[in-house]
Amino acid sequence: MRVKLRALLNSRGITQAELAQATVIRPSTISQLCNNIAVGFKFSHLELICRFLKCDLNDILEL
């Protein structure tokens, strides 16, 4: 599974820090997702990210 969060943030001009602040997800967690080094993730985090970015999981995750 690949996380496409960095590309999505870049295309929308949103920084990792802005996403972390808006979703109240730790910056280190956002960084791990953006760098594709997260071993696992909380579904609640993905939901918060999708709501903030107004996207669905297919925009963030790739199998």
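1. Lys54 counts as exposed, with a relative accessibility of 72%. In this predicted model, Lys54 is placed in the loop between α4 and α5. The phi angle of Lys54 is near 55°, a positive value in a residue other than glycine. That deserves a remark, because most residues other than glycine have a negative phi.

2. A second residue with a positive phi is Val24, where the angle is near 60° and the residue is again other than glycine. Val24 belongs to the loop between α2 and α3. Is Val24 buried or exposed? At 76% relative accessibility, Val24 counts as exposed. The cut-off for that class is over 50%. Among nonpolar side chains in soluble globular proteins, the tendency is to be buried together.

3. As to overall architecture, the protein chain contains five helices and two strands. Read from the N terminus, the order of the elements is β-α-α-α-α-α-β. The radius of gyration is 10 Å, close to the 11 Å given by the globule rule for 63 residues, so the protein chain is as compact as a globular protein of that length. The C-alpha trace spans about 25 × 20 × 20 Å along its principal axes.

4. The contact pattern may be considered next. Among contacts in the protein chain with a separation of 6 or more, 62% are made by residues 24 or more positions apart. Of the 63 residues, 33% count as buried.

5. Which residues have the most contacts inside the largest nonpolar core? They are Leu5, Leu9, Ile30, Ile49, Leu53 and Ile60, and the core itself has 18 residues. At least two residues of this core are supplied by each of α1 (5–12), α2 (16–23), α3 (27–34) and α4 (43–53). The largest share, four residues, comes from α4.

6. Ile30 serves as an example from this core. Leaving aside residues up to four places away in sequence, Ile30 touches Gln16, Leu19, Ala20, Ile25 and Ile49. One of these partners, Ile49, is also listed among the residues with the most contacts inside the core.

7. Turning to the surface, the protein chain exposes about 4300 Å², and carbon and sulfur atoms supply 55% of that area. The chain has 8 positive and 5 negative charges, and the mean positions of the two sets are 5 Å apart.

8. Asn10 is located in helix α1. Asn10 is exposed, with a relative accessible area of 57%. How far apart in space are Asn10 and Glu47, C-alpha to C-alpha? The distance is 19 Å, and the two residues are 37 residues apart in sequence.

9. Asp56 lies in the loop between α4 and α5 (57–60), and Lys54 is placed in the loop between those helices as well. Asp56 is partly exposed, with a relative accessible area of 40%, whereas Lys54 counts as exposed at 72%. The C-alpha atoms of Asp56 and Arg12 are separated by 15 Å, and these residues are 44 residues apart along the chain.

Note on methods
Residues numbered from 1 in each chain as written. Predicted model: local features only at pLDDT ≥ 70, side-chain atom pairs only at ≥ 80, totals over all residues. Heavy atoms only, no water. Core = buried A, V, L, I, M, F, W, Y, C linked by side-chain atoms within 4.5 Å. Buried < 20%, exposed > 50% of the residue type's maximum accessible area, 1.4 Å probe, protein only. Contact = heavy atoms within 4.5 Å. Rg over C-alpha atoms; globule rule 2.2 N^0.38 Å. Areas by Shrake-Rupley, 256 points an atom, 1.4 Å probe, with all protein chains shown as cover. Lys, Arg positive; Asp, Glu negative; His and termini not counted. Charge placed at Lys NZ, Arg CZ, Asp CG, Glu CD.
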